[in-house]
Amino acid sequence: MAAIQVGRYDLCEQRVLDALLDDPNDVDLLVLLAHCKLATDRYAATRALAEDAIRIDPEDGRGFYLLAWATIS
């Protein structure tokens with residue numbers, strides 16, 4: 001998503017939240033939203049989203065990566 005690449009985390013978050021309304025179990029969207037939260041120092045939200053991603057697809061390492069970063073930040 002171009003918005004995240006230019007630091008428009010607010011815009012990215014809104015677009016991802018809108019997309020999650022259609023598919024709340026989309027791991028790609030959860031990970032993208034977690035990146036937005038992490039980039040804006042919202043660690044508790046990052047952890048929650050990462051845990052959701054892990055619960056949905058424990059084989060996808062991105063959730064674990066984000067959970068680790070949010071925990072040590």
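Is I72 buried or exposed? Hi everyone, let me start there. I72 counts as exposed, because its relative accessible area is 63%, over the 50% cut-off. Please keep in mind that we are looking at a predicted model.

So where does this residue sit? I72 is part of helix α5. On the surface, I72 joins Y65 and W69 in a nonpolar patch, and the three together have about 360 Å² of accessible area. The other two members are less clear-cut cases: Y65 is partly exposed at 47% relative accessibility, and W69 is partly exposed too, at 39%.

Let's stay with those two, since they also bring us to the aromatic rings. The model has 1 aromatic pair. The ring centres of Y65 and W69 are 6.4 Å apart and the planes make an angle of 65°, so this is an edge-to-face pair. For those of you who like to see the cut-offs, the centres must lie within 6.5 Å, and an angle over 60 degrees counts as edge-to-face. What separates the two along the chain? Y65 and W69 are 4 residues apart in helix α5, which spans residues 61-72, and that puts about one helical turn between them.

Now let's go inside. In general, nonpolar side chains of soluble globular proteins tend to be buried together. Here, the largest nonpolar core contains 16 residues, and V16, L20 and L66 have the most contacts within it. Which helices supply at least two residues each? They include α2 (9-22), α3 (27-39) and α4 (43-56). The largest share comes from α3, with 9 residues.

One more residue to click on is T46, in helix α4. T46 is buried, because its relative accessibility is 0% and the cut-off is under 20%. If we set aside neighbours within four places in sequence, T46 touches A34, K37, L38, L66 and A70. L66 is a name you have just heard, as one of the residues with the most contacts inside the core.

On to charges. Side chains of opposite charge can pair when their charged atoms come close. This structure has 6 salt bridges, and I'd like to show you three.

The first on my list joins the side chains of R8 and D10, at 3.3 Å from N to O. R8 is partly exposed at 40% relative accessibility, whereas D10 is exposed at 51%.

Next comes the bridge between R42 and E13, with an N to O distance of 2.1 Å. This pair ties together distant parts of the chain: R42 is in the loop between α3 and α4, E13 is in helix α2, and their positions lie 29 residues apart in the numbering. How accessible are the partners? R42 is partly exposed at 33%, while E13 is buried at 9%.

My last example is D52 with R55, whose side chains meet at 3.7 Å, N to O. Both belong to helix α4, and they are 3 residues apart, about one turn of the helix. D52 is partly exposed at 30% relative accessible area, and R55 is exposed at 57%. Elsewhere, salt bridges with shared partners connect E13, K37 and R42 into one network. K37 has come up before, as one of the contacts of buried T46.

That is my tour. Thanks for listening, and I'm happy to go back to any of these residues with you on screen.

How values were computed:
Residues are numbered from 1 along each chain as its sequence is written. This is a predicted model: local features need pLDDT of at least 70, side-chain atom pairs count only at pLDDT 80 or more; totals for chains, interfaces and linings use all residues. Side-chain values use heavy atoms; hydrogens and water are left out. Rings of Phe, Tyr and Trp (its six-membered ring) pair if their centres lie within 6.5 Å; planes under 30 degrees apart count as stacked, over 60 as edge-to-face and the rest as tilted. Buried means under 20% relative accessible area, exposed over 50%, partly exposed in between (1.4 Å probe, protein chains only). Patches are made of residues with over 30% relative accessible area and no salt bridge: like charges are joined within 9 Å, nonpolar side chains (Val, Leu, Ile, Met, Phe, Trp, Tyr) within 5 Å. Accessible areas come from the Shrake-Rupley method with a 1.4 Å probe; for residues, only the protein chains shown count as cover. A salt bridge is a side-chain nitrogen of Lys or Arg within 4 Å of a carboxyl oxygen of Asp or Glu. A nonpolar core is a set of buried Ala, Val, Leu, Ile, Met, Phe, Trp, Tyr and Cys residues joined through side-chain atoms within 4.5 Å. Contact means heavy atoms within 4.5 Å.
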